[in-house]
Amino acid sequence: MTQMTNRITLAEYKARPARPRSPRVDYKAKFERDIALLGFPAPVREVLFAHPRRWRFDFAYPELQIAIEYQGGNYHGKGAHNSISGLQRDYEKFTEAALRGWTLILIDAKSVTTGQAVQWLERALETKGAL
């Protein structure tokens, strides 16, 4: 058996500086900034719909029935949208929104970063005659 020669003590291990973490990005805020930069109308945040249910859209244009839902935690298994019950709640909410005539846009960190999210929003706004 080969012995390891580069071993450090537990005290040395604990004394090592922590690896720097990437700064967290607020993708919802970035999405809002992108909307403003493009001159699109500002959406309303946290819009209630489907009374008496207490469902909310992250962003919406209520008069146009366009809703945007940010799906966070998709890439690291965290977030309410990743459990079976969370997915089932989302299916119910999204289906109810569609049945009530809402255009629903689902976005995530990748679609915000690549610009796809604002492209989808632009298409929805054009379809509704708002651009």
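Which residues do ring pairs link into a cluster? In this predicted model, the cluster consists of Phe-49, Trp-55, Phe-57 and Trp-102, linked through pairs of their rings, and the structure as a whole holds 5 aromatic pairs. One of these pairs is formed by Phe-49 and Phe-57, whose rings are stacked, with 4.1 Å from centre to centre and 10° between the planes. The pair counts as stacked because its planes are under 30 degrees apart.

The surroundings of these two rings can be described by accessibility. Phe-49 has a relative accessibility of 6% and therefore counts as buried, and Phe-57, at 0%, is likewise counted as buried, since the cut-off for that class is under 20% relative accessible area.

From the rings one can turn to the strands. Strand E2 covers residues 55–61 and runs antiparallel to E3, to which 3 bridges join it; within this pairing, Tyr-61 has Ile-66 of E3 as its bridge partner. The hairpin of E2 and E3 has 4 residues between the strands, and in this hairpin Gln-65 takes a positive phi near 55°.

Strand E3 itself, residues 66–70, is mostly covered, with 5 of its 5 residues buried. On one side of E3 lie Ile-66, Ile-68 and Tyr-70, and on the other Ala-67 and Glu-69, all of them buried, so that both faces of the strand are covered. E3 also pairs with strand E4, residues 103–107, in the parallel sense and over 5 bridges. In that pairing Ile-66 stands opposite Thr-103 of E4, while in the antiparallel pairing with E2 the partner of Ile-66 is Tyr-61.

Technical notes
Residues numbered from 1 in each chain as written. Predicted model: local features only at pLDDT ≥ 70, side-chain atom pairs only at ≥ 80, totals over all residues. Heavy atoms only, no water. Phe/Tyr/Trp six-rings, centres within 6.5 Å; stacked < 30°, edge-to-face > 60°. Buried < 20%, exposed > 50% of the residue type's maximum accessible area, 1.4 Å probe, protein only. Helix = DSSP H or I, 4+ residues; strand = E, 2+ residues; numbered from the N terminus. Pairing = 2+ DSSP bridges.
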